[in-house]
Amino acid sequence: MSKYNFGIVGLGVMGRNLLLNMADHGYAVAGLDLDKEKVDSLQDEAQEGHQIFATVEAEAFVKSLEQPRAIMLLVPAGNPVDGVIKTLSPLLDEGDIIIDGGNSYFKDTDRRYEELSAKGIHFFGMGISGGESGARRGPSMMPGGNREAYERLRPIFEAIAAKVDGQPCVEFLGNGSAGNYVKMVHNGIEYGIMQLIAETYDIMKKVYKLDNETIQKAFEQWNKEELNSFLIEITADILKKKEDGKLLVDLISDWAKSKGTGKWTSQNAMDLQVPVPVIDAAVNMRDISKYKPERIEASRVLVWDNNANAPIADIKHIKEALFFAIISTYAQGLAQLKVASDAYGYELDLETVCKIWRGGCIIRATLLEDFRKAFATNADLPNILLDKAIAEKLNSTQSSIRTLLKDVIEQGTPASGFMNALSYFDAYRAEHLPTNLIQAQRDYFGAHTYERVDKDGVFHTQWDQQN
């Protein structure tokens, strides 16, 4: 049997398309799936010149691969990943590589990394972004694990990745679970930006009373300007899709679903004490969307009687408000990566992260080149808001988000993403916060002590005693 360069376990949408992408670039590839229909489907899609082998037999799959073997798992996160590893590991040799290409929780990746390292098998957690079309034509990929072992994978991954200015949107990111962690935060940022776009759409309809065509054309135009990005692009497409003469988006339930990566980002940010309020708000809004029966009842009993006329819409100011809020969201996610890299020993290079996010992935955006430049200028930058060029973008657009939120509040329309984007900005730039009072309260009821600004040391006061 001929030896194949790379293998994938799980021939669903992502696995099948990644294998075909590799075959397009001249690599001999093998696939394994317990579903014979998926195996046959892959063989049917193979084109002339493709070298593809697919099977339902794990042993035949492993034997078909050249050594050291490189095997990617594209199966649901959690127990299915452990199940596949348990099946494959007795068939593997020292120096072989397993890559988890799913959205696994980073602590699971750390555990698997340690367990397989003890057997001499390299384990990579690799985030993949771009969906079905990205997998087929060029995704953004975020691998983490062993730097030396990555050299076995690098030529294949660089060949199939999306390209920006001729540079592949894949690069080794760091140690252990760095790849899965970066993808988790990528998804958290994705949650935040999607929430902001949805709020923008809602504000344009409910606050400014704009018609559907005007809203759609605005998003279409914005994608040609500084807001150019994948999520703005697809929003413009979504807002013109009709079914039986009606906009399809108006026929879709507002009961949002999620797979957990946004929640993980938010939870871990709290563990690290990194504020990511836009991401938190996005997770919360998906949660509150599930309370549909209660929201229907509440809409009848919790009333805001606003008799004011609809404010005059300024498309430019709406765009600037969204631009401001999106920068704030990226800043929060990138700040989390900075802290996590130090906490977990990832040794992340945030310029590299921004570089590989510029193409192929769901959060690709023109703005990412500005962020890349900021980290190229100062690799130790703790927050992109401190970069002078980025700060100027925010300073010049903050009046727009302030005006928009005044209108939103007056009209009683929810916009927690926008509110948290501005609150983060205002809190981050505040030289003094009222948390001194919180410190005093904690000391009053719990003797938790406090520090002072006028002298060194740790202090406790008997607050209920007279001076």
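These exercises walk through a predicted model, each with a worked solution.

**Exercise 1: The sheet**

Task: Work out in which order the eight strands of the open sheet are arranged, and which strands stand at the edges.

Solution:
- Step 1. Trace the sheet from one side to the other: the eight strands follow the order β3-β2-β1-β4-β5-β6-β7-β10.
- Step 2. Check the directions. The pairing is mixed, and the next exercise shows examples of each sense.
- Step 3. Look at the ends. β3 (51-55) and β10 (174-175) each have a single partner strand, so one side of each has no neighbour in the sheet.

**Exercise 2: Pairing inside the sheet**

Task: For the pairs β1 with β2, β5 with β6, and β6 with β7, decide whether the strands are parallel or antiparallel, and find a facing pair of residues in each.

Solution:
- Step 1. Begin with strand β1 (residues 6-9) and strand β2 (residues 28-32), which run parallel and are joined by four bridges. Here Gly 7 has Ala 30 of β2 as its bridge partner.
- Step 2. Move on to strand β5 (residues 97-100). Four bridges connect β5 to β6, and these strands run parallel. Opposite Ile 99 you will find Phe 124 in β6.
- Step 3. Follow the chain between these two strands. The path leaves β5, passes through α5 and arrives at β6, making a right-handed β-α-β crossover.
- Step 4. Turn to strand β7 (residues 140-145). β6 and β7 pair in the antiparallel sense, with five bridges. Gly 127 faces Met 142 of β7.

**Exercise 3: The surroundings of β6**

Task: Is strand β6 (residues 122-129) largely enclosed or largely open?

Solution:
- Step 1. Apply the cut-off: a residue is buried when its relative accessible area is under 20%.
- Step 2. Count along the strand. Seven of the eight residues of β6 are buried.
- Step 3. Draw the conclusion: β6 is largely enclosed by the rest of the structure, because seven of its eight residues are buried.

**Exercise 4: Three salt bridges**

Task: The whole structure has 30 salt bridges. For the pairs Asp 24 with Arg 136, Lys 63 with Glu 59, and Arg 111 with Asp 82, find what each one links and how exposed the partners are.

Solution:
- Step 1. Take Asp 24 and Arg 136, whose side chains meet at 2.4 Å, N to O. This pair links distant parts of the chain, 112 residues apart: Asp 24 belongs to helix α1 (residues 13-24) and Arg 136 to helix α6 (residues 131-137). Asp 24 is partly exposed at 35% relative accessibility, while Arg 136, at 11%, is buried.
- Step 2. Now try Lys 63 and Glu 59, at 3.2 Å, N to O. Both sit in helix α3 (residues 58-63), four residues apart, or about one turn of the helix. Lys 63 is exposed at 51% relative accessibility, and Glu 59 is partly exposed at 44%.
- Step 3. Finish with Arg 111 and Asp 82, at 3.1 Å, N to O. Arg 111 is in helix α5 (residues 106-117) and Asp 82 in helix α4 (residues 79-88), so the bridge ties together parts 29 residues apart in sequence. Both are partly exposed: Arg 111 has a relative accessible area of 31%, and Asp 82 one of 25%.
- Step 4. Widen the view around this last pair. Arg 111 and Asp 82 belong to a network of salt bridges with Asp 100, Asp 108, Arg 112 and Glu 115.

**Exercise 5: A cavity and a pocket**

Task: Describe the largest cavity and the second largest pocket by volume, and say what lines each of them.

Solution:
- Step 1. Start with the cavity. The structure holds one cavity of 30 Å³ or more, and the largest cavity has about 100 Å³ of space.
- Step 2. Examine its wall. Of the 17 lining residues, Ser 229, Ile 326, Tyr 330, Arg 364 and Ala 365 lie nearest the centre. Helices α8 (178-206), α10 (230-238) and α14 (315-344) each give two or more residues to this lining, and α10 gives the most, with three.
- Step 3. Sort the cavity lining by class: twelve residues are nonpolar, three polar and two charged.
- Step 4. Go to the second largest pocket, with a volume of about 370 Å³. Its lining includes Glu 431, His 432, Tyr 450, Arg 452 and Trp 463.
- Step 5. Sort the pocket lining too: five residues are nonpolar, four polar and three charged.

Notes. Residues numbered from 1 in each chain as written. Predicted model: local features only at pLDDT ≥ 70, side-chain atom pairs only at ≥ 80, totals over all residues. Heavy atoms only, no water. 1 Å grid on protein atoms, 1.4 Å probe; cavity = no way out; pocket = protein on both sides within 12 Å on 5 of 7 lines; lining within 4 Å. Points joined across faces, edges and corners; volume = space filled by probe spheres on them. Nonpolar A, V, L, I, M, F, W, Y, C, P; charged D, E, K, R; others polar. Salt bridge = Lys/Arg side-chain N within 4 Å of Asp/Glu carboxyl O. Buried < 20%, exposed > 50% of the residue type's maximum accessible area, 1.4 Å probe, protein only. Pairing = 2+ DSSP bridges. Right-handed = clockwise from strand over helix to strand, strands pointing away.
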